[in-house]
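Reader: I am new to this structure, and I would like to learn how to read its features one by one. Could you guide me through a few of them?

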Amino acid sequence: MTRLKRITIDRLKQLPRVATVWEGDRRPMGGVIDGDLVPWGRQREQNDCIVWLDSSQGTVRGIGLVPASSGHEPIVRTLLQAIEAPQGSLAPVRPQKVVVRDREIQFYLRGALQDLDITVDYVPTLPLVDDFFDALQRPNDLREADLPDRYSEAMV
């Protein structure tokens with residue numbers, strides 16, 4: 001990957017840099033996303049989910065769903081989104097450090113983020129990300145809700 005454009009770097013450097021560590025990963029989403037919307041006769045394309053979590057706050061900063069065949073660019077785009085326009089009402093900030101469990105992604109991010117003063121490290125496991133994906137793949141404990149008697153007659 002080429003480095004980020006100078007205008008993007010300048011814009012991101014204006015954001016406060018906080019002493020936090022973010023965990024990021026990309027994982028296949030087979031079985032989690034309902035494939036019933038795929039038209040007949042078309043091959044269902046596998047998707048990957050990219051997530052960036054702030055490990056100090058335990059919050060999702062950025063999330064994206066991309067075709068599994070896409071390269072490493074989407075993980076950078078999702079990180080930039082997590083920095084500039086995070087999920088929910090979180091403030092835009094630059095983390096001091098990001099950690100990933102894939103060496104290829106680590107080297108790719110190092111090249112892309114080299115001018116942003118963000119350390120990119122490898123760790124063999126990402127406990128927060130593991131918990132996040134485990135929760136996504138766990139079947140929901142949906143049970144039938146008890147309907148008040150006054151509404152049950154109308155439903156029948």
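Author: What follows is a short conversation about strands, rings and one buried side chain in this model, which is predicted.

Reader: Which strands are joined to strand β1, and in which directions do they run?

Author: Strand β1, which covers residues 17-28, is joined to strand β4, residues 94-100, by five bridges, and these two run parallel. Strand β1 is also joined to strand β2, residues 47-54, by seven bridges, and here the two run antiparallel. To follow the pairing residue by residue, start at Trp22, whose bridge partner in β4 is Val98, and then go to Gly24, which stands opposite Trp52 in β2.

Reader: How should I think of the side chains along a strand?

Author: In a regular strand, the side chains alternate between the two faces of the sheet.

Reader: Is Asp48, which has its place in strand β2, buried or exposed?

Author: Asp48 counts as buried because its relative accessibility is 10%, and the cut-off for buried is under 20%. Its side chain makes a polar contact with the side chain of Arg26, at 2.9 Å. Beyond residues up to four places away in sequence, Asp48 touches several others, among them Arg27, Pro28, Gly64 and Val66.

Reader: How many aromatic pairs does a search of the whole structure find?

Author: The search finds one: Phe132 and Phe133 form an edge-to-face pair, with 5.3 Å from centre to centre and 85° between the planes. Both Phe132 and Phe133 are buried.

Reader: Which residue lies over the face of Tyr122?

Author: That residue is Arg103, at 3.7 Å from the ring centre of Tyr122.

Technical notes:
Residues are numbered from 1 along each chain as its sequence is written. This is a predicted model: local features need pLDDT of at least 70, side-chain atom pairs count only at pLDDT 80 or more; totals for chains, interfaces and linings use all residues. Side-chain values use heavy atoms; hydrogens and water are left out. Two strands pair if DSSP finds at least two bridges between them. Helices (H or I, at least four residues) and strands (E, at least two) are DSSP runs, numbered from the N terminus. Rings of Phe, Tyr and Trp (its six-membered ring) pair if their centres lie within 6.5 Å; planes under 30 degrees apart count as stacked, over 60 as edge-to-face and the rest as tilted. Buried means under 20% relative accessible area, exposed over 50%, partly exposed in between (1.4 Å probe, protein chains only). A charge sits over a ring if NZ of Lys or CZ of Arg is within 6 Å of the ring centre and within 35 degrees of the ring normal. A polar contact is a pair of N or O atoms within 3.5 Å; within protein, one must be able to donate a hydrogen and the other to accept it, and residues adjacent in sequence count only if both atoms are side-chain atoms. Contact means heavy atoms within 4.5 Å.
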